[in-house]
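Open the model in your viewer and keep the sequence panel beside it. The stops below say what to select and what is there.

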Amino acid sequence: MIDQGFPLHAAPGEAMRPSLGGRSCLSRRRALGLGLAALAQPLLARPSLAGGQLAAPQSSARANDPFPLGVASGDPLPDGFVLWTRLAPEPLSRDPQAPGGLRGGDIVLRFEIAEDPLMQKVVRHGLARAEAAFAHSVHLEVEGLAAGRPYWYRFMTNDAASPIGCARTAPGSEQRLDNFRFGFVSCANYEQGYFSAYRHLAAEAPDLVLFLGDYIYETVQPKEKAVVRRHSDGEIPMTLIGYRNRYAQYRLDPDLQALHAAAPALTIWDDHEVQNDYAGEWASNFEPPAKFLLQRAAAYQAFYEHMPLRPSRCFAQGSAMRIYGRYNFGDLVSFSMLDGRQYRSREACYAPPYGGGHVVTAKQCPELVDPSRSLLGEAQEAWLYDGFAQSKARWNIIGQTVLMASLHEDDAGAEAHAWTEAWDGYPAARTRLLDHIQASGVANPIVLSGDNHAFWTNDLKQTPEGATIATEFVGTSVTSYGPPYESVAKKLPANPEVRFFESRKRGYASVEMNAERMVTRFQAISDAADPNAGVSTLASFVVEAGRKGVVAA
Ligand code: FE
Ligand code: CA
């Protein structure tokens with residue numbers, strides 16, 4: 001499905017200027033404003049770069065903005081990153097021959113990378129390819145930049161410029177990094193609210209944003225049901241064009257565009273990027289795997305087309321696509337970003353009417369505790385455990401989707417109820433993971449999760465009486481409705497490892513860390529139905545390096 005990428009480098013002879021140093025991206029909001037101004041006032045046609053095959057976009061592209069989906073950066077390395085855009089003058093075109101309103105082959109456009117938000121100190125410019133096979137998306141792998149600093153970038157066609165975005169290179173893994181700030185987000189159902197959480201996180205100008213799944217929702221609410229805004233095609237996507245247009249609709253959102261323009265992203269998917277509650281090749285609606293895998297391949301391709309993924313790292317084969325990976329920032333922090341969907345064993349006791357999440361006990365469903373079942377798959381588990389053994393980072397973050405803490409009722413043992421969708425549905429796999437964290441002695445392990453639509457702070461343990469092995473934070477949802485508060489809250493007395501729970505708020509989480517401590521702020525927006533919602537800090541938690549568990553709750 002995904003071919004070789006087209007790594008395009010700067011034209012020969014373009015010397016890179018020395019770094020000005022400094023890490024601040026604080027002019028980012030100003031940069032965004034400039035980007036919008038640039039859109040309103042298209043650049044005058046400029047001569048093409050010498051030797052460049054600068055194809056003019058279609059006539060429709062001249063009439064319309066070719067960059068309505070904005071820009072993004074991702075996958076930071078010490079000498080570069082990936083820059084993304086997608087040419088789509090008619091972003092919701094349903095013509096299968098003209099995704100985004102564009103026909104024909106690849107389009108070559110220009111890019112500029114500068115050391116300043118005004119794009120005055122350009123250190124790199126060149127040509128980038130918008131690939132027709134991938135809906136004219138660009139995944140530009142930039143190399144040879146200075147480590148650990150911000151850069152600003154934009155794309156240009158003959159008569160239009162994209163918004164300006166801010167990307168950052170990572171500090172080298174041997175480089176001392178004093179502090180790092182990042183945000184994590186999950187579960188942004190367009191129909192259930194406005195993306196104010198994204199806007200407020202963008203305003204914090206973090207060094208990095210983790211998107212922990214459910215970036216889109218494939219679902220549609222029935223017409224008679226009230227929603228905040230609608231998935232405009234009103235259809236559950238099954239095909240490439242359906243998934244593409246769902247991503248395009250999300251990317252038209254100004255708050256999501258602002259967040260991508262403000263900071264580099266690491267993105268993993270959960271279920272709704274394909275289908276609610278699917279597991280590997282197993283559809284929750286019991287489609288036969290051969291048929292479901294075609295749908296999954298379309299969904300994975302649309303994900304690739306809309307995310308700042310590195311073509312040379314994101315390996316696709318048939319209906320499979322590898323997205324898990326590890327990203328290091330100086331000596332301070334390592335992120336292992338996991339794929340909890342593609343390789344997972346079928347949910348325990350998968351049989352009509354239960355194709356997805358449901359509640360079982362081990363007594364009813366002995367398959368639940370079968371040690372051969374995995375949430376990550378054998379290869380990814382081995383890769384993760386090897387990463388623990390090798391890591392030299394001060395903090396080791398596992399970015400993944402579903403709730404890892406064990407949530408039990410008052411009963412115990414074979415009678416204990418387990419929700420089959422989350423790690424509770426894969427207890428042997430969770431035991432293996434926690435065993436490896438403990439046995440490897442990996443420094444300061446932290447698990448960040450999505451999917452659950454609630455804020456959680458949890459001590460991860462093998463048994464309720466056992467020692468804390470890691471801390472889990474869940475950053476609620478950007479908009480998606482939370483689980484009923486009262487029904488979860490009444491279980492909490494039996495779950496002392498849950499240090500905090502709140503499902504009535506939408507928002508995001510912000511983290512600031514240095515060698516000594518990690519502070520996680522749960523940020524709640526005032527109202528997901530209000531496009532101008534405010535934000536406030538609901539709770540903050542401190543984890544001290546070398547000490548398990550949160551010290552302040
Ligand atoms: Fe969700
Ligand atoms: Ca989910």
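A strand here is a DSSP run of E with at least two residues, and strands are numbered from the N terminus. With that in hand, select strand β1, residues 71–77, where Val-71 is found. Note that this is a predicted model.

**Stop 1: Val-71**

Is Val-71 buried or exposed? Val-71 is buried, because its relative accessible area is 2% and buried means under 20%. Now show what is around Val-71. Leaving aside neighbours within four places in sequence, Val-71 is in contact with residues including Trp-84, Thr-85, Tyr-153 and Phe-155. Ser-162, Pro-163, Ile-164 and Gly-165 are also among its contacts. So are His-260 and Ala-261, again from that list of contacts. Next, draw a distance from Val-71 to His-306. Their C-alpha atoms are separated by 9.8 Å, while the two residues are 235 apart along the chain.

**Stop 2: the whole chain**

Zoom out. The protein has nine helices and 25 strands. Of its 553 residues, 60% count as buried. Take the contacts between residues at least 6 apart in sequence: 73% of them join residues at least 24 apart.

**Stop 3: the nonpolar cores**

Select Phe-180, Phe-182, Leu-210, Met-321, Phe-335, Phe-473 and Met-513. These residues touch the most other members of the largest nonpolar core, which has 77 residues. Then colour helix α6, residues 289–306. Helix α6 supplies the largest share of this core, seven residues. There is also a second, separate core of 31 residues. To find that second core, pick Ala-405, Ala-429, Leu-460 and Phe-501, which are among its members.

**Stop 4: the cavities**

How many cavities of 30 Å³ or more does the structure hold? There are three. The largest cavity has a volume of about 70 Å³. Select Arg-168, Thr-169, Pro-171, Phe-180 and Phe-329. Of the twelve residues that line the largest cavity, these lie nearest its centre. Phe-180 has already appeared, at the largest nonpolar core. By class, the lining of this cavity has six nonpolar, two polar and four charged residues.

**Stop 5: the metal ions**

Select ligand 2, the calcium ion. Which residues are its protein donors? They are Asp-214, Asp-270, Asp-271 and Asp-451, each through OD, at 2.2 to 2.6 Å from the ion. Along the sequence the donor residues are spaced D-x55-D-D-x179-D. Check two of these donors for accessibility. Asp-270 counts as buried because its relative accessibility is 0%. Asp-271 is buried too, with a relative accessible area of 1%. Now add ligand 1, the iron ion. The iron ion and the calcium ion are 3.8 Å apart. Asp-214 coordinates both ions.

**Stop 6: the largest pocket**

Keep Asp-451 selected and turn on the surface. The largest pocket encloses about 820 Å³ of space. It is lined by 35 residues, and those closest to its centre are Trp-419, Glu-421, Asp-451, Asn-452 and Pro-483. Asp-451 is thus on two lists, as a donor of the calcium ion and as a residue of this lining. Colour β17 (417–419) and α9 (485–489), the elements that give two or more residues to the lining. The largest share, three residues, comes from β17. To finish, colour the lining by class: 15 residues are nonpolar, twelve polar and eight charged.

Methods
Residues are numbered from 1 along each chain as its sequence is written. Chains are lettered from A and ligands numbered from 1 in the order in which they are written. This is a predicted model: local features need pLDDT of at least 70, side-chain atom pairs count only at pLDDT 80 or more; totals for chains, interfaces and linings use all residues. Side-chain values use heavy atoms; hydrogens and water are left out. A nonpolar core is a set of buried Ala, Val, Leu, Ile, Met, Phe, Trp, Tyr and Cys residues joined through side-chain atoms within 4.5 Å. Buried means under 20% relative accessible area, exposed over 50%, partly exposed in between (1.4 Å probe, protein chains only). Helices (H or I, at least four residues) and strands (E, at least two) are DSSP runs, numbered from the N terminus. Contact means heavy atoms within 4.5 Å. On a 1 Å grid over the protein atoms alone, a cavity is a set of points where a 1.4 Å probe fits but cannot get out, and a pocket is an open set with protein on both sides within 12 Å along at least five of seven lines; lining residues have an atom within 4 Å of a point. Grid points are joined across faces, edges and corners, and a volume is the space filled by probe spheres set on the points. Ala, Val, Leu, Ile, Met, Phe, Trp, Tyr, Cys and Pro count as nonpolar, Asp, Glu, Lys and Arg as charged, and the others, Gly among them, as polar. Donors are N, O and S atoms within 2.8 Å of the metal (3.2 Å for Na, K and Ca); water is not among the atoms, so sites may look incomplete.
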